[in-house]
Amino acid sequence: MYVTGTTTAFTSADTLPGIEDAAPSDQHDRMGTQSSHPTHHTYRTHHLQTPGPVEGIVPRDTPGAPPAPGPRDILVRVHAVSLNKRDLLILDGSYPLKAAPDVIPVSDGAGEVVAVGEEVTRFGVGDRVTSTYFPRWLDGRITPAMIDQPGATLPGMLAEYVRLDENAAVRMPDRLTWEEAACLPCAGVTAWNALTGAEAVLPGETVLTLGTGALALFAVQFAKTLGAQVVATTSSGAKAARLRELGADHVLNYVEHPKWAANVRELTGGRGADLVVETGGPDTIEQSVRATALYGRIALIAANSPHRPNLEITTDALASSVLTMRRIFVGSRAHHERMNRAITAHGLRPVVDRVFPYEEVHAAYRYYASGAAFGKVVIRVS
Ligand SMILES: NC(=O)c1ccc[n+]([C@@H]2O[C@H](COP(=O)([O-])OP(=O)(O)OC[C@H]3O[C@@H](n4cnc5c(N)ncnc54)[C@H](OP(=O)(O)O)[C@@H]3O)[C@@H](O)[C@H]2O)c1
């Protein structure tokens, strides 16, 4: 076994003694843990064995029952995971954090607590939970010591069972399915942090979203619940219709209108957007700055692009503005919990494009990488 601090990878040697015989829920076994899960003869995990093409992710069946939780851990039966851009970057080795050797991929997952360690206070058997993106960033400001992430430096969620520190999980919103809840930890929390993490969006303000990546779709949904007017951009007429269905008040085609900042100003009576959720980075930053209101904010989500090496803003664009730009690193557990409350209060449902079975992990990665999805790509694990 190796212990990473917040999530733990396991071998068959760590399996929970007597788990097959465990009494139904709310019983403590002889290790002091509480468990309710059924007999298992093997359980399957996936591992990033060789960075590069998706074939480098391999399944592994481990004989025996799932592992025992440590005193402050929960054992989660994973039901669904979702893919994010970072999972592709980790796979091809271009993510800023290097993947741990043989790491279990994927940061985002939802599942059911099937056993808890004897010192666990946050959860009980049967609770429905999701992972958190930065297991050590609970609240306040992130520090360099909190940068570890599941599916990169820590074991991820692409497994039938995962053992999480109780602090590295949150209860999922009640009315969501496993597949919907699995969409939240990265794209959902990032969008929520962009809109509320500093100077929160106020009713009547204008939020500008760029394109139809999963994060931008969350931003549209959250902005509407906050009472904002939403201007969204896309390259596609069909996607424009779907953005409107999701709540966007105005949709601009950025191919037909490459200088869309002028259109945003027109739509806002010359004022500009109060908040730009900047998911295009180097490709869009100049227009985003030009589209921002005098005291507006830009939440800088993407800093890189395959098309341009640097974020470049002309002096002319900046000269007449006193905007504030804030870089976003997903968000803390507190952001995640506040977002969950808002999702429940407003009955929001994440946009799921497609759900793949657990046997089709490679197909799911390929489909996601193709860019064809409108919404999240999910893998149903169990
Ligand atoms: N900093 C953080 O914490 C954080 C967290 C999560 C993700 N990210 C980053 O955020 C970015 C967005 O991620 P994502 O997964 O939601 O989406 P994504 O898959 O990277 O977004 C693709 C979409 O962007 C749109 N797009 C492409 N070029 C554009 C342009 N010139 N102008 C406007 N839109 C354009 C396209 O929309 P249409 O098809 O509608 O044209 C495309 O569908 C990624 O770079 C990701 O790495 C950062």
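This short presentation describes the fold, the ligand surroundings and several individual residues of one protein chain.

Good morning, colleagues. Please bear in mind throughout that the structure before you is a predicted model.

I shall begin with the chain as a whole. The protein chain has 382 residues, of which 50% count as buried. Its secondary structure comprises 10 helices and 19 strands. If one takes the contacts between residues at least 6 apart in sequence, 69% of them join residues at least 24 apart.

Let us turn to the interior. The largest nonpolar core contains 105 residues, and those with the most contacts inside it are Leu195, Val207, Ala219 and Val277. Helix H4 supplies the largest share of this core, namely nine residues. Domain 1 (2-183 + 351-380) and domain 2 (189-327) each contribute at least three residues to the core. Leucine 195 illustrates how such a residue is surrounded. Beyond its neighbours within four places in sequence, leucine 195 is in contact with Ala200, Val201, Val207, Ala219, Phe222, Ala223, Leu226 and Leu275.

I come now to the ligand. Which residues are closest to the ligand? They are Gly211, Gly213, Leu215, Thr234 and Ser235, out of 28 residues that surround the ligand. Three elements give two or more residues to this shell: helix H3 (184-196), helix H4 (214-225) and strand E13 (229-234). By class, the shell consists of 12 nonpolar, 13 polar and three charged residues. Where does the ligand lie with respect to domain 1 and domain 2? Both domains give residues to the shell, and the ligand therefore lies between them.

The next topic is strand E8, residues 108-116. Eight of its nine residues are buried, so strand E8 is largely enclosed by the rest of the structure. Strand E7 (residues 73-82) runs antiparallel to E8 and is joined to it by eight bridges. Within that pairing, valine 76 has valine 113 of E8 as its bridge partner. Strand E9 (residues 128-131) is also antiparallel to E8, with three bridges joining the two. Here glutamate 112 stands opposite arginine 128 in E9.

Finally, I should like to draw attention to three valines in loops. The loop between helix H1 (85-92) and E8 holds valine 106. Its phi is near 80°, which is a positive value in a residue other than glycine. Is valine 106 buried or exposed? Valine 106 counts as buried, because 32 C-beta neighbours lie inside 10 Å, and the threshold for that class is 20 or more.

Valine 330 also has a positive phi, of about 40°, although it is not a glycine. This residue is placed in the loop between strand E17 (324-327) and H9. Valine 330 counts as buried because it has 27 C-beta neighbours inside 10 Å.

The third valine is valine 351, in the loop between helix H9 (333-346) and strand E18 (352-357). With 21 C-beta neighbours inside 10 Å, valine 351 counts as buried. Setting aside its neighbours within four places in sequence, valine 351 is in contact with Leu217, Phe374, Gly375 and Lys376. Glutamine 221 is 130 residues away from valine 351 in sequence, yet the C-alpha atoms of the two are 9.7 Å apart in space.

To return to the central point, the ligand lies between domain 1 and domain 2, since both give residues to its shell. Thank you for your attention.

Note on methods
Residues numbered from 1 in each chain as written. Predicted model: local features only at pLDDT ≥ 70, side-chain atom pairs only at ≥ 80, totals over all residues. Near = placed C-beta within 6 Å. Helix = DSSP H or I, 4+ residues; strand = E, 2+ residues; numbered from the N terminus. Nonpolar A, V, L, I, M, F, W, Y, C, P; charged D, E, K, R; others polar. Domains from an automatic or database assignment. Buried ≥ 20, exposed ≤ 12 C-beta atoms within 10 Å, placed from the backbone. Pairing = 2+ DSSP bridges. Contact = placed C-beta atoms within 7 Å. Core = buried A, V, L, I, M, F, W, Y, C linked by C-beta atoms within 7 Å.
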